[in-house]
Each structure stands twice: as C-alpha cells, then as structure tokens.
Amino acid sequence: MAVTGSLPKVRASELVGRGWLNTGGRDVTLADLRGKIVVLDFWTFCCINCLHVLDELRELEARHRDVLVIIGVHSPKFAHEADPVALAAAVERYEVHHPVLDDPELITWSAYTARAWPTLVVIDPQGYIVAQMAGEGHAHNLSILVADLTREHEAKGTLHRGDGPYVAPEPTSGTLRFPAKAIVLPGGTFLVADAGHHGLAELAPDGETLVRRIGSGERGLADGGPAQARFSEPNGLCLVPDALRATVGFDVLVADTVNHALRGVRLADGHVTTVAGTGEQYMVGGVDNGDDGDLAGDPHAVRLSSPWDVVWSPAAGAFVVAMAGNHTLWAFDPVGGSLRRLAGTMNEGLQDGPAASAWFAQTSGLAVDAGGRVWLADSEVSALRYLDLAPVPDDGGITTVGTVGTAVGAGLYDFGFRDGPADQALLQHPLGVAVLPDGSVVVADTYNGAIRRYAPGADGHPGQVTTLARDLAEPSGVVVLPSPEAGGVELVVVESAAHRLTRIRLPKDVAGEILDAGAHRTRRPVTDVGPGPLRLEVVFTPATGQKYDDRYGASTRLQVSATPPELLLSGAGDGVDLVRDLVLNPAAGDGVLHITAHAASCDADPAIEYPACHLNAQDWGVPVKVTVGAPTTLTLPLLG
C-alpha cells in the first residue's frame, strides 16, 4: 500500500537566511520570483545524494531557464559547512549555476518542514507549494511537472518569461582547481586528480610546475588522447601494479566520480579508456541494475554510483573501489574482467562485522597497509574504518571474504575534533587516508582542516589519535614520501580548497600533539511524536503520464529501524508497503527513526513497447522525541 495524492496546497514561506550567493550581492524574495516556477533544493555540500541531485538538475535548469528558477537552500549538517567561506568554495567547486541561500540556522529548512538531504520543493508562479519530494531520481518527474505548470500558467497569464536572479561569479584561474587526490608516478612527478578542471594534471617533482594535462577540461565522458578525453570531477587515482600494466593496457586507474565510471590512463601518450561503468548511475533498488549490482562479468555492463577512490589490494587480487554513492566497497579485476560488490549492504550507517552485512556511509578514501588491511575514510560517519580480507575455499575455488571494523568514529551524527584514545577520538568528514612506514595511519580530516594520525594499540588497547598538522584548507588526499632527513617522512597533502599540494615534513619519531576542540552532534529540528502507536506514511504520487512499475514485482519498498533500537517496540524491518504501523517505546525518550523508501514508476501509455522507468529513493534520519499528546502520524513526502 502507498499513500498517493497531493499534499495540502499552501503559500510558500519567505526565504530567510544569513545571505545569498550567485545573486550579485542582492537578496532574493518570493516577490522577486512571482511569475516563475521555483524549485527549492535543500542541500548540504557533504552529501553525495545532494551532489547527485545537482547533476540531475543541470539539464532541467538549462532547458527551462526562461521560466524556471532553481534556488539552492544550503542547510548544513557539519560545523564546517556552516562556514560561509567553505560554502562559497563548494558552490564554485560543484559549478552551481543558480542562486544559493545560506541557511546555517536551518530557518528556511524548518519553515518548509524538510527532514532529509536532499529535499526538493516546487512553488508555482502564484507562490503556492505544489510538490515536495525527498531524495534523488526525480529529474523526470520534475520535467513533467515543470512542463505542466508552464502550460497551465501561460494559459492563465501568470507566467513571466525572462531571466532569473542568477548572477555568475567572476571566473578564477590557476594550475589546479579543487584537486582531490594525488599519486607519485615512477619518474617522481605527481599525477593529480584536478576535479575542478575535469581532468588530470601531471606536476613536476616540486609539486607546482605543470608538465601536462590529460583531459580537455570540459565536463563529459569521452575516451581518446589527452586533448580529446573528458572527465567529470575525477577523484581517486591508483597506479596499476607493474606486472599487470602490459596485460591491461593502462598504467593508472581513475575514479571518475560524476561519470560513474572507472577510467584507464596510458602514461606514455596520455590516452584514456573507460574500463568500467556505463556512464549511468546505479540507483539502489532499481529494476535494471543486473543482479542487484553484483554482476561478476563485463565491467562495462555494470552501473556504478560515484566511485570516489581506488586502491590495489593484493589480498583481493583486484582494485578496491570506494563506491561513495551507495555506501559500499567493490572489487574490480581488469584481468579477469569482473566487477563485484566486496563489502556493504548499501544501507547508510556505521555497522561492523562480516563484509556482506556491514554498513558504510559515503566511502571516500582508501589505502592498503603492509599486512594487506584496507583502510577507509568513511566520510559521513566521520570514521576511520578497515576491511580485513581472507581467502576461503568455495566449491573447488577460492573466494575472498572480509570483516569490517572501526578504529575511530561513532556514527552518522557524531563528529568533532578530539584526540586521545581512539574509541573516544572524533573526526569531521574525512576524505583521505594513507599509511606511514611504521604502520600507523594518517587521515586527511577534511572538514577539520587537519592531518590526524591513528596509532594502533596492542593487547586490546583502542589505539591513539593525535594531530600532525592543522589550519589546512579541506585536505582531501595524502601522499607519503621518504624525507631527506634520515628516517623521516614527508607528507604531500592535497589541499583541495587552497588549490595546491602542500608538503609537511615529519621527524623519525613522529607522534603528533593531542588536541581537543570539542565534540559536536548534527542538530536538526526534532519531531514530537506520541508514545505507543505511530502511523508512518511515505507519500508517493507518480507524475502525470506515469504509473507504478510492478513488472518485476513490488514497485515500492520501505525499511525502518531506530537508534537506539529500543525506541521501536514494533514496526522495524523491511516491507513493500509505504505505510507502516509502528509502536514507540514510551520510556525511550528520544532517538532517531531511520527510514528508507524506494518507489519505481514508468510510462503509463500502453502503446509504448519499452516504457521509460524511473526510481525514486531516499533515506531519512528523523530525530524524534516521544511526547504525550503529540501527533501519532508521521508523513514523509517521497513525491507528493
């Protein structure tokens, strides 16, 4: 069962925040937008789903620019994202070409009852809210709705065509633009994933002088020589082992994030080839993803979801891929021609244990130590985690199985800047990780602007976290080099928001300092709910000309859990109905309801032999407080 129909039609609330970007310095009011179709995009720049939506909106924005105004409402999750300088950099980094309201206190977020990143709200030319939707995958439905509203209000005379309030910022230039990761090539030069320039940059050993570029600099997906190839915000890089280069035909593997692809680069001539991915995003729960994404065959036939980093794992005999877009780790074997999920359920969170049942959250940075352990910067849970792999016999063959653990990190909403025992230490949205010669691990603690060090403990001790450097501009990758000083180490840090590589020399007996800048917890408006029975309703209405897609079974799916688990006396688990009767524990006080919903729809015209189908999906983490007399229904709009 699903809840369908329209949400109540109400006037849109005024847009209130700290200030505006991309407007030439002026504020924008709803009165300024009268006569336009307006889409409010509630986002936060740490969120991979929000970045997916930015990409989904680009074509719609370009196609309807004379009648449609998209307004980004930036409502931050992490403390760093509330920094106006960091927000301005993110707007530039992700090429946001519409006005953005800075909403650090979540005033406009609360006024529109947003409960998830991302949330989209559609306002008609007369200032009424006509739709609200959460999650990604709504581009097609939005396109239909914008076309319908254009016809309706043009006929009524309430549509005003012309330019919107967007004012393009002054362009910037430099050798690097928001670099993401770097590696050292055999000749001592650096290869940098130059994400903001949609390409790769080879720099001389000084880390500054440009040797060559690989990629045209235009966003896109195209193979060919260095001047013809195109990338889209590449992030991760990994050298192919020497013994495999002649076999696979490329020297460097690239995680081409926004293209949802892996690319191979031949260093001799800079030629680029797509070696995995279709260029289309894998949508969790989609009906056309192959065997739920576990296809072990031609890697070109498998859809990926924002691969963020890659590393060679001898234990896996394959490249490990941090698949940020669906919170998993995958194994890519270019010799055997396979690509398969290695760890993670695609649920977002922090859960250790067997690799197949572990939960990750925006897997982002990878490194392998001398013992074969895969270290992971798991950004949305602000954690340093690891994957141990072991071969086991399987029907006459060998299968690699893994176990996931956490060295540092507490969960989706807990972060901070705290050194000391690892089980009490805190990070803030780390994106990079590397291994030092002594076996300790350095973390690019991105939103804290710091380089942190984790020294594993012995005899059951949790280990120790210290700070090696701070006051960096969003460090996102680290390269470890021998230092000119005997026994020392040099770190080359990819300082993404400063558009440069920065060198840090460490002494032989590096330890770092212990700092404590406090703990934080993501704060969002809490929803009061009554104790006992609670009716959960996820609203989904297929767009005009669409119907539920039930050709392959149930077209909807709902998963519910809680933190702490005892918050829910009943109603947890998986099901196909978008309506669920929960029972809340009166003694629980407060907690978070974790809700994941999927709904598939397709063209309803029976004359179309192969109808286009679309998946809408969203994860909610709804903070709730059990309060006597509070509402006993919780309504969440997936599309309403």
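# Working through the fold

Asp83 caps the N-terminal end of helix 2, with a side-chain oxygen 2.9 Å from the backbone nitrogen of Val85. For polar contacts, the rule is a pair of N or O atoms within 3.5 Å; within protein, one must be able to donate a hydrogen and the other to accept it, and residues adjacent in sequence count only if both atoms are side-chain atoms. Helices (H or I, at least four residues) and strands (E, at least two) are DSSP runs, numbered from the N terminus.

This is a predicted model: local features need pLDDT of at least 70, side-chain atom pairs count only at pLDDT 80 or more, and totals for chains, interfaces and linings use all residues. Residues are numbered from 1 along each chain as its sequence is written, and side-chain values use heavy atoms, with hydrogens and water left out.

**Exercise 1.** Find which residues of helix 2 are buried, and what covers them.

*Solution.*
- Start with the cut-offs: buried means under 20% relative accessible area, exposed over 50%, partly exposed in between (1.4 Å probe, protein chains only).
- Scan residues 84-93, and you'll get Ala86, Leu87, Ala89, Ala90, Val91 and Arg93 as the buried ones.
- Next, look at the cover: it includes strand 1 (19-21), strand 2 (37-43), strand 3 (68-74) and strand 4 (100-102).
- Finally, step just past the helix, where Glu95 takes a positive phi of about 50 degrees.

**Exercise 2.** Work out the strand order in the open sheet of five strands, and which strands stand at the edges.

*Solution.*
- Pairing first: two strands pair if DSSP finds at least two bridges between them.
- Tracing the partners gives the order 25-29-28-27-26, with antiparallel pairing.
- Strand 25 (420-421) and strand 26 (432-435) each have a single partner strand, so one side of each is left without a neighbour in the sheet.
- Now zoom in on strand 28 (residues 450-455) and strand 29 (residues 464-469): five bridges join this antiparallel pair.
- As a spot check, Arg453 has Thr466 of strand 29 as its bridge partner.

**Exercise 3.** Locate the cis peptide bonds at Pro118 and Pro564.

*Solution.*
- Trp117 and Pro118 are joined by a cis bond, omega about -5 degrees.
- Pro118 sits in the loop between helix 3 (107-111) and strand 5 (119-123).
- From Thr563 to Pro564 the bond is cis too, with omega near -5 degrees.
- The loop holding Pro564 runs between strand 37 (556-563) and strand 38 (568-570).

**Exercise 4.** Are Glu233 and His260, two non-glycine residues with positive phi, buried or exposed?

*Solution.*
- Glu233 has a phi near 55 degrees, in the loop between strand 10 (210-214) and strand 11 (234-239).
- Its relative accessibility is 8%, so Glu233 counts as buried.
- His260 has a phi near 50 degrees, in the loop between strand 12 (252-256) and strand 13 (261-266).
- At 8% relative accessibility, His260 counts as buried too.

**Exercise 5.** Work out how the chain's radius of gyration stands against the globule rule.

*Solution.*
- Count the elements: five helices and 43 strands.
- The radius (over C-alpha atoms) is 24 Å, and the rule (2.2 Å times the number of residues to the power 0.38) gives 26 Å for 640 residues, so the chain is as compact as a globular protein of that length.
- Along its principal axes, the C-alpha trace spans about 75 × 55 × 55 Å.
- To round off the picture, 59% of the 640 residues count as buried.

How values were computed:
Contact means heavy atoms within 4.5 Å.
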